[in-house]
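Please read the following report alongside the sequence and the coordinates.

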Amino acid sequence: MTGAPNTHALDEHMKEMVLALHAAVNRAMPHIKDDPKLVEQALRDCEEILAVVLEGNVSEWLGTTK
Amino acid sequence: MARHDEVNIVVCAKVVPLSSVTIQIDPATKRMVRKDVSQELDPQAAKAVEEALRLTEKQGGSVTVVVMGGDDATIGIRGALAMGATAAIHLSDPALAGSDALGTAKALAAAIRKEPFDLVICATESSDSYTGLVPGQLAQLLGVPPLTFATSLTVEGRTATIKRQSEGGYDVVTSELPVLVTVTTGINEPRYPTLKGIMGAKKKEIRKYTAADLGLGPAEIGESGAREKVLTVGRPPARPAGTVIKDEGQGGKQIADFLANLKLI
């Protein structure tokens, strides 16, 4: 499905967020037993990203805030 | 103040389909279908970026990521910038599509020559096409020695030292800068982009070069310049079904007999 042209930047930003969440999980999963600090940091980073996504301040994400 | 041992590093990276995507091959062109496929920074290239970042965090300098790919490669380039790379160069031109390994190396070399560099870092091979040819060709075109299969990399003064993975262990190899280093999968675990990194990456520069900017024409790049042709693409032969041993008191013996038949024990 092709998105509307004016949503392209938003789509790209959301993809970046999803890839970052994916990368954080992939980094942490192998260390669940041997590196709790790393896992906790990854969880905090994921929470931070999800909080910003849920806040939904699109203009800030796209750098359009005056 | 600049440090005397700071290193300017160029990382050659690739943007590839997400590992969760089932790769499709276009039967007409024998090329991987990339259009409308979700992509990411190649996990192998992420290790090259990570190694470059670790070096510059220790010694100062810059990390410039060079990527050749279509418009949809931006997502992977931003990924590298979000990890912490200083700047990025995107080689994007329909004329580059269909380039073989040598054409790719020529384009990368032309872009890298525009940069002041001490060190070029590449993955040993990309995780989509796995030719492993580009780094050696690139080193030749740049006129720098290649240090390959690095499982560790250090730079002291103007000397780079790697541990080169070998069948029985490793060799320690050094070279004066400038040099090209290929890193193996085991060299590090790359960092992931944080929110701060993602937002910071939006302010970083991505320079775009076309084939003309690189001084390259159809005789050297793209489908017309490719001397290497993919004739067929096939699936690996199906593996025969395995033997299931149900343990009804004789399982251990049956496994031992099975291994003995194969002369493994």
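The report below covers confidence, the two chains and their contact, one helix, the nonpolar core and a loop residue.

This is a predicted model, in which local features need pLDDT of at least 70 and side-chain atom pairs count only at pLDDT 80 or more, while totals for chains, interfaces and linings use all residues. Residues are numbered from 1 along each chain as its sequence is written, and chains are lettered from A and ligands numbered from 1 in the order in which they are written.

Chain B averages a pLDDT (the predictor's confidence in each residue, from 0 to 100) of 93, and 98% of its residues score at least 70. For the complex, the predictor gives an ipTM of 0.82 and a pTM of 0.87.

Chain A contains three helices and zero strands, where helices (H or I, at least four residues) and strands (E, at least two) are DSSP runs numbered from the N terminus. Of the 66 residues of chain A, 15% count as buried; a residue is buried if 20 or more other C-beta atoms lie within 10 Å of its own, exposed if 12 or fewer, and partly exposed in between, with C-beta atoms placed from the backbone.

Where the chains meet, 11 residues of chain B are in contact (C-beta atoms, placed from the backbone, within 7 Å) with 13 residues of chain A. On the chain B side, α2 (74-83) and α5 (195-201) are the elements that give two or more residues, and α2(B) gives the most, with three residues.

Helix α1 of chain B is summarised here.

| Feature of α1(B) | Value |
|---|---|
| Residues 43-59 | 17 residues |
| First C-alpha to last C-alpha | 25 Å |
| Expected span at 1.5 Å a residue (times one less than the number of residues) | 24 Å |
| Buried residues | 12 of 17 residues |

Among the buried residues of α1(B) are Ala48(B), Val49(B) and Ala52(B), and each of these three is in contact with Val11(B). Val11(B) also contacts Val63(B), Val65(B) and Ile121(B), leaving aside neighbours within four places in sequence. Just after α1(B), Gly60(B) takes a positive phi of about 85°.

The largest nonpolar core (buried Ala, Val, Leu, Ile, Met, Phe, Trp, Tyr and Cys residues joined through C-beta atoms within 7 Å) has 76 residues, of which Val11(B), Val49(B), Val65(B), Val120(B) and Val181(B) touch the most other members.

Val230(B), by contrast, is found in the loop between α6 (222-225) and α7 (251-261) of chain B, and counts as exposed because it has 12 C-beta neighbours inside 10 Å. Val230(B) and Ser126(B) are 104 residues apart in sequence and 17 Å apart in space, C-alpha to C-alpha.

How values were computed
Contact = placed C-beta atoms within 7 Å.
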